[in-house]
Amino acid sequence: MLPGTLSLIFFVIEFIILIIVIIFNRDHPFFWSVVGLLGLLQLYQLSEWLICIGVDENITGRIAYVIITFLPPLGYFLSTRIVQWKFPDYWIGFAAATAFSLYYLIVPNSIELIDCNPLYAVYNNELSLYYGIYYIGIIAYSILFLVAHMIWRKEKIDRKLSILLLVGYLSFLVPMYLMVLIDSSVKNTVASIMCKYALLLAVTLGVFSFIKPKNKHIEKDIVNKIENS
């Protein structure tokens with residue numbers, strides 16, 4: 001297989017999932033959040049394929065990182081909508097994502113491609129420590145956030161949607177964590193491999209889009225906001 005082959009395959013699969021969601025579930029209360037997450041996931045796969053076939057590695061690599069930088073705060077935003085969390089603390093995540101993105105876009109060679117094979121790419125990230133704390137931190141917080149609401153507000157939230165999103169998170173985070181635990185040398189491949197595992201998140205989001213919230217107040221509130229915008 002040529003370098004980046006798996007990225008291209010995953011892009012096609014995630015694109016098909018996105019098309020299915022758009023065709024069948026445009027009336028879902030969380031439609032735009034789901035579309036946003038799916039769009040970012042597949043754009044990263046497309047970017048990595050372009051990197052691996054030699055399309056301006058410096059610029060394309062930085063764009064790829066900008067794309068995936070917005071995944072954690074958007075995922076947390078979806079979590080807050082599911083449980084009807086009123087405090088807009090998700091803006092902290094979006095602000096951090098914007099700061100990282102501006103750095104990657106402005107600073108040349110802030111992301112460098114070390115190697116690319118058919119399965120994944122290896123990058124050097126100048127801010128790897130801080131970026132890792134930001135990225136894993138928001139995802140871990142989102143998981144704890146959902147679990148906490150499922151325990152203490154279980155009668156006021158949509159349990160099925162919460163569980164589905166939680167499964168989506170764990171489906172790519174757990175295998176990646178186990179890989180790093182077994183072999184710490186894979187740390188430079190984390191961004192690429194984690195996004196490969198995130199195909200499971202894309203599948204989960206596809207299923208998610210076919211399930212409507214049972215709490216009618218959630219649906220009514222979101223529909224009213226859409227109609228008034």
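**Entry 1: the largest pocket**

I looked up which element gives most to the lining of the largest pocket, and α6 has the largest share, with six residues. I keep in mind that I am reading a predicted model.

Next I noted the other contributors. Along with α6 (128–152), the elements that give two or more residues to this lining are α3 (57–69), β2 (121–125), α7 (159–182) and α8 (190–197).

How many residues line the largest pocket? I found 21. Nearest the centre of the pocket lie Ser128, Gly132, Ile136, Lys187 and Val190, so I would click on those five if I wanted to find the place on screen.

I also wrote down the volume of this pocket, which is about 570 Å³. Then I sorted its lining by residue type: 15 are nonpolar, five are polar and one is charged.

**Entry 2: the cavity**

How many cavities of 30 Å³ or more are there? I counted one. Its volume comes to about 140 Å³.

I listed its lining next. There are 14 residues around this cavity, and Leu71, Tyr135, Ile139, Phe172 and Leu201 are the closest to its centre. Two or more lining residues come from each of α2 (31–52), α4 (71–82), α6, α7 and α8.

What types of residue line the cavity? I have 13 nonpolar, one polar and no charged. My notes on the pocket show one charged residue in its lining.

**Entry 3: a nonpolar patch**

Then I turned to the surface. I found a nonpolar patch formed by Leu8, Val12, Phe15, Ile16, Ile19, Ile20, Ile22, Ile23, Phe24 and Phe210. Together these residues have about 850 Å² of accessible area.

I picked valine 12 from this patch for another look. Valine 12 sits in helix α1, which covers residues 5–24. Why does valine 12 count as partly exposed? Its relative accessibility is 39%, and partly exposed is the class between under 20% (buried) and over 50% (exposed).

**Entry 4: isoleucine 182**

My last stop was isoleucine 182, which I located in helix α7. Is isoleucine 182 buried or exposed? It counts as exposed because its relative accessibility is 75%, and the exposed class starts over 50%.

How far apart are isoleucine 182 and serine 192 in space? I noted 17 Å from C-alpha to C-alpha, with the two residues 10 apart in sequence.

How values were computed. Residues numbered from 1 in each chain as written. Predicted model: local features only at pLDDT ≥ 70, side-chain atom pairs only at ≥ 80, totals over all residues. Heavy atoms only, no water. 1 Å grid on protein atoms, 1.4 Å probe; cavity = no way out; pocket = protein on both sides within 12 Å on 5 of 7 lines; lining within 4 Å. Points joined across faces, edges and corners; volume = space filled by probe spheres on them. Helix = DSSP H or I, 4+ residues; strand = E, 2+ residues; numbered from the N terminus. Nonpolar A, V, L, I, M, F, W, Y, C, P; charged D, E, K, R; others polar. Patch = residues over 30% accessible without salt bridge, like charges linked within 9 Å, V, L, I, M, F, W, Y side chains within 5 Å. Areas by Shrake-Rupley, 256 points an atom, 1.4 Å probe, with all protein chains shown as cover. Salt bridge = Lys/Arg side-chain N within 4 Å of Asp/Glu carboxyl O. Buried < 20%, exposed > 50% of the residue type's maximum accessible area, 1.4 Å probe, protein only.
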